[in-house]
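Subject: Structure handover, aromatic pairs

Hi,

Here is the structure for your files. My notes on its aromatic rings follow below.

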Amino acid sequence: MPLGDHLFRVGATFNHHEWDERVTSEGITYLHDKIKQILDEEYDVVSEKAGVRPTVLDRKPFLGEHPKHKKLAIFNGLGTRGVIQGPYLSAHFTTFLTASEKIPQEVDIQRYKGLF
């Protein structure tokens, strides 16, 4: 993802067995190999970060009012598509909070209502 001033964010890796925020040599190697496939230029790494993505069972985000705690609104589970879906879903979440507009059904937290 371009950040400006000839800086780019590169990622990500998918290790479903590590649940911490440690940068691993395996992850760095994986990303460097991917960069080499598309870039025939020298580059410098200015920082390395790791994290755990929030995601849910059906791999769709969930937004809306908590079914038991009515003053609690939730916007989470963006997972790997957070950068792409975040702006679109945040607009829906904002109108839900400010104008009582409905959340799109496919991301409405009420789809989990029977689990609470």
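Start with F96. This is a predicted model. F96 is partly exposed, as its relative accessible area is 21%. That value sits just outside the buried class, because buried means under 20%.

Now the pairs. Searching the whole structure gives three aromatic pairs. One of them joins F75 and F93. Their geometry is edge-to-face, with 5.2 Å centre to centre and 85 degrees between the planes. The angle earns that label because edge-to-face requires over 60 degrees.

This contact links distant parts of the chain. F75 lies in strand 4 (residues 73–76). F93 lies in helix 2 (residues 82–99). The two are 18 residues apart.

Burial differs by class. F75 is partly exposed, at a relative accessible area of 26%. F93 is buried, at 13%.

F93 also pairs with F96. Here the rings are stacked: 6.3 Å centre to centre, 20 degrees between the planes. The pair still counts because the centres need only lie within 6.5 Å. Why is about one helical turn between F93 and F96? Because they are three residues apart in helix 2.

Put together, F75, F93 and F96 make up one aromatic cluster. F93 takes part in both the edge-to-face pair with F75 and the stacked pair with F96.

Best regards

Notes
Residues are numbered from 1 along each chain as its sequence is written. This is a predicted model: local features need pLDDT of at least 70, side-chain atom pairs count only at pLDDT 80 or more; totals for chains, interfaces and linings use all residues. Side-chain values use heavy atoms; hydrogens and water are left out. Rings of Phe, Tyr and Trp (its six-membered ring) pair if their centres lie within 6.5 Å; planes under 30 degrees apart count as stacked, over 60 as edge-to-face and the rest as tilted. Helices (H or I, at least four residues) and strands (E, at least two) are DSSP runs, numbered from the N terminus. Buried means under 20% relative accessible area, exposed over 50%, partly exposed in between (1.4 Å probe, protein chains only).
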